Structure formats: C-alpha cells, structure tokens
Amino acid sequence: LLWDANCGEGEAFNLGGFEEIRILDLAKRIISLTNSNSQIEFVPYSELRARGFEDMSRRLPDSRKLQVATGWSSQSGLDNILNDYYNFVKEKWN
C-alpha cells in the first residue's frame, strides 16, 4: 500500500501494533515463545551510555503516519505478531 501511495519516498514510517510493552517483558515473551534457554542479562544503563547508547523511556509504535498514507492499521496483538514472525523464520531457515 505504501509503495503505491506515492507519498513514502524519502520518508520514515513506523510499523507496529497497538500495545505498549517493556523490553524486559518482550524478551520474556520471546524466550517463552521460542522455548529458548537464553538468559536475560542486565547491563547498567551508565555503561551503555558510556558507549554512546541512548534509550527512550517508553516504546509504543505510532503508525498513524502510515495509516494516514495508506489506510492500514494493525489488527493483530503482539502475541499474534510474534507468533507469525517466529513461524515465518522457522519455515525460512529450516
């Protein structure tokens, strides 16, 4: 839809669902979904900032710009999006 909208050239668009989530909770969901034995490692923010990393206080996809340009809006919750993507990756790499 965006390709055909003729308004996206040189523009950045957010693409996402409608749920806000903490990164820690997202990591836990992904570990659970994939049955991974990965461990979550906490790194002090001061250490990350010293390496030039800056974080935002909250993450909530805002895809209103995309909706205005194309009429598209997400109808799937985060769990469905994660499941769909995980299944896509499994099929592609297996």
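## Exercises on a five-helix predicted model

Leu 78 sits in helix H5, which covers residues 78-93; helices here are DSSP runs of H or I with at least four residues, strands are runs of E with at least two, and both are numbered from the N terminus. The model is predicted, so local features need pLDDT of at least 70 and side-chain atom pairs count only at pLDDT 80 or more, while totals for chains, interfaces and linings use all residues. Residues are numbered from 1 along each chain as its sequence is written, and side-chain values use heavy atoms, with hydrogens and water left out.

### Exercise 1: the surroundings of Leu 78

Decide whether Leu 78 is buried or exposed, and list its contacts beyond its neighbours within four places in sequence.

*Solution.* Start with the classes: buried means under 20% relative accessible area, exposed means over 50%, and partly exposed is in between, using a 1.4 Å probe and protein chains only. Leu 78 has a relative accessible area of 17%, so the residue is buried.

Next, look for contacts, meaning heavy atoms within 4.5 Å. With the neighbours within four places set aside, Leu 78 touches Glu 19, Ile 21, Leu 26 and Arg 29.

Finally, try a C-alpha distance: Leu 78 and Ile 31 are 47 residues apart along the chain, and their C-alpha atoms are separated by 14 Å.

### Exercise 2: a link between two helices

Find the salt-bridge partner of Arg 29, and say which parts of the chain the pair ties together.

*Solution.* Begin with the idea behind the search: side chains of opposite charge can pair when their charged atoms come close. The criterion is a side-chain nitrogen of Lys or Arg within 4 Å of a carboxyl oxygen of Asp or Glu.

Arg 29 meets this criterion with Asp 79, the closest N and O atoms being 3.3 Å apart. Because Arg 29 lies in helix H2 (residues 23-34) and Asp 79 in helix H5, the pair ties together parts that are 50 residues apart in sequence.

Now check the exposure of each partner. Arg 29 is partly exposed at 30% relative accessibility, and Asp 79 is also partly exposed, at 42%.

### Exercise 3: further salt bridges

How many salt bridges does the structure hold? Describe the ones made by Asp 25 and Arg 51.

*Solution.* The count for the structure is 5 salt bridges.

Asp 25 pairs with Arg 22, with 3.1 Å between the closest N and O atoms. Asp 25 is partly exposed at 27%, whereas Arg 22 is exposed at 52%.

Arg 51 pairs with Glu 47, and here the closest N and O atoms are 2.8 Å apart. Arg 51 is exposed, with a relative accessible area of 59%, while Glu 47 is partly exposed at 39%.

### Exercise 4: from Ser 63 to Trp 72

Locate Ser 63, then follow one of its contacts to the surface patch that holds Trp 72.

*Solution.* Ser 63 is in the loop between helix H3 (45-50) and helix H4 (64-70). Its relative accessible area is 13%, so Ser 63 is buried.

Apart from neighbours within four places in sequence, Ser 63 is in contact with Asn 14, Gly 16 and Trp 72. Trp 72 belongs to the loop between H4 and H5, and at 30% relative accessibility Trp 72 counts as partly exposed.

### Exercise 5: an aromatic pair

How many aromatic pairs does a search of the whole structure find? Classify the arrangement of the rings of Tyr 85 and Phe 88.

*Solution.* Rings of Phe, Tyr and Trp (its six-membered ring) pair if their centres lie within 6.5 Å; planes under 30 degrees apart count as stacked, over 60 as edge-to-face and the rest as tilted.

The search finds 1 aromatic pair. The ring centres of Tyr 85 and Phe 88 are 6.3 Å apart and the planes are at 35°, so the pair is tilted. Both residues lie in helix H5, 3 residues apart, about one turn of the helix. Tyr 85 is exposed at 55%, and Phe 88 is partly exposed at 49%.

### Exercise 6: the whole chain

Describe the secondary structure, spread and burial of the protein.

*Solution.* The protein has 5 helices and 0 strands. Its radius of gyration, taken over C-alpha atoms, is 17 Å, but a compact globule of 94 residues would be near 12 Å, by the rule of 2.2 Å times the number of residues to the power 0.38. The C-alpha trace spans about 45 × 35 × 25 Å along its principal axes. Buried residues make up 12% of the 94 residues.
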